Amino acid sequence: MNLPNKLTVARVITVPFFVMAYILGLKWLAGFWISLFLFIAASFTDMLDGKIARKRNLVTNFGKIMDPLADKILVYSAFCLMVGDGTVPAWMFIIILAREFAVSGMRTVAASEGLVVAAGMSGKIKTVLQMIAVPVLILAHALPQFPVIMTVGQVFLWASLIMTIYSGIEYIVKNKEVFSQ
């Protein structure tokens with residue numbers, strides 16, 4: 001297994017530790033700091049594995065599948081926890097998940113027809129906004145005496161929701177031939 005794939009696997013392995021730390025944070029403030037560190041470290045591996053894979057020509061089928069899946073496992077685990085504590089509205093998380101299921105379903109159908117559907121820039125922006133929203137929202141829990149941090153986190157959350165909807169629509173429109181097969 002090459003280095004980029006090891007980083008992707010490490011991101012997935014980090015998720016249960018992140019979840020445990022976040023849950024601890026609900027009772028013990030230091031847990032939020034630990035979860036913040038773990039989330040940022042895992043997010044950093046996302047940027048790093050892609051750069052290394054492209055620079056060293058280490059792009060693999062495993063990486064093409066697992067890298068975006070690892071991102072989703074990390075981010076949506078965080079959103080799920082935040083629905084539980086009221087930070088993220090459940091309806092918002094449902095919209096985000098619905099977009100992911102729709103896009104993943106389309107990719108599966110396209111792959112079965114031999115079509116490769118690349119990720120668009122709007123989807124990448126969506127992911128970046130989500131990966132900013134989560135740590136800012138965790139930081140808001142770690143520093144409740146600064147409510148402006150929660151406001152900033154909510155702005156990034158709403159921006160990520162808007163990009164989620166936009167990128168989902170864009171994805172469907174650009175790949176409508178998948179539906180006509």
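**Helix contacts and ring pairs**

User: Where do Phe18 and Tyr22 lie, and how far apart in sequence?
Analyst: Both are in helix 1 (residues 3–25), four residues apart, about one turn of the helix. Helices here are DSSP runs of H or I with at least four residues, strands are E runs of at least two, and both are numbered from the N terminus. The model is predicted, so local features need pLDDT of at least 70 and side-chain atom pairs count only at pLDDT 80 or more, while totals for chains, interfaces and linings use all residues. Residues are numbered from 1 along each chain as its sequence is written, and side-chain values use heavy atoms, with hydrogens and water left out.

User: How many aromatic pairs in the whole structure?
Analyst: Seven turn up in a search of the whole structure. Phe18 and Tyr22 form a tilted one, 6.2 Å centre to centre with 50° between the planes. Rings of Phe, Tyr and Trp (its six-membered ring) pair if their centres lie within 6.5 Å; planes under 30 degrees apart are stacked, over 60 edge-to-face, and the rest tilted.

User: Which residues do ring pairs link into a cluster with Phe18?
Analyst: Tyr22, Phe32 and Phe39 are linked with Phe18 that way.

User: Phe18 and Tyr22, buried or exposed?
Analyst: Phe18 and Tyr22 are both buried. Buried means under 20% relative accessible area, exposed over 50%, and partly exposed in between, with a 1.4 Å probe and protein chains only.

User: What about Thr14, what is it in contact with?
Analyst: Thr14 is also a helix 1 residue. Its contacts, leaving aside neighbours within four places in sequence, are Leu38 and Ala42; contact means heavy atoms within 4.5 Å. Thr14 is buried, at 17% relative accessible area.

User: And Pro4, which residues does it touch?
Analyst: Pro4 touches Asp49, Ile52, Ala53 and Leu58, not counting residues up to four places away in sequence. The C-alpha atoms of Pro4 and Gly50 are 6.8 Å apart, although 46 residues separate the two along the chain. Pro4 lies in helix 1 and counts as buried at 4% relative accessibility.

User: Switching topic. At what angle do helix 3 and helix 4 cross?
Analyst: Helix 3 (residues 61–84) and helix 4 (residues 90–112) cross at roughly 160°, and their axes come within 9 Å. That makes the two roughly antiparallel. Axes are lines fitted to C-alpha atoms, for helices over the stretch in contact, and angles run from 0 to 180 degrees between N-to-C directions. Under 35 degrees counts as roughly parallel, over 145 as roughly antiparallel, 65 to 115 as roughly perpendicular, and the rest as oblique.

User: Which residues meet there?
Analyst: Lys72, Tyr76, Phe79, Cys80 and Val83 in helix 3 meet Ala90, Phe93, Ile96, Leu97 and Glu100 in helix 4. By class that is eight nonpolar, no polar and two charged residues. Nonpolar covers Ala, Val, Leu, Ile, Met, Phe, Trp, Tyr, Cys and Pro, charged covers Asp, Glu, Lys and Arg, and the others, Gly among them, are polar.

User: How do helix 5 and helix 6 pack?
Analyst: Helix 5 (residues 121–142) and helix 6 (residues 147–174) have axes 8 Å apart at an angle of about 160°, so they are roughly antiparallel to each other. The residues of that contact divide into 16 nonpolar, nine polar and two charged.

User: Last one. What is the phi of Asn57?
Analyst: Near 55°, a positive value in a residue other than glycine. Most residues other than glycine have a negative phi. Asn57 is in the loop between helix 2 (30–55) and helix 3, and counts as exposed at 67% relative accessibility.
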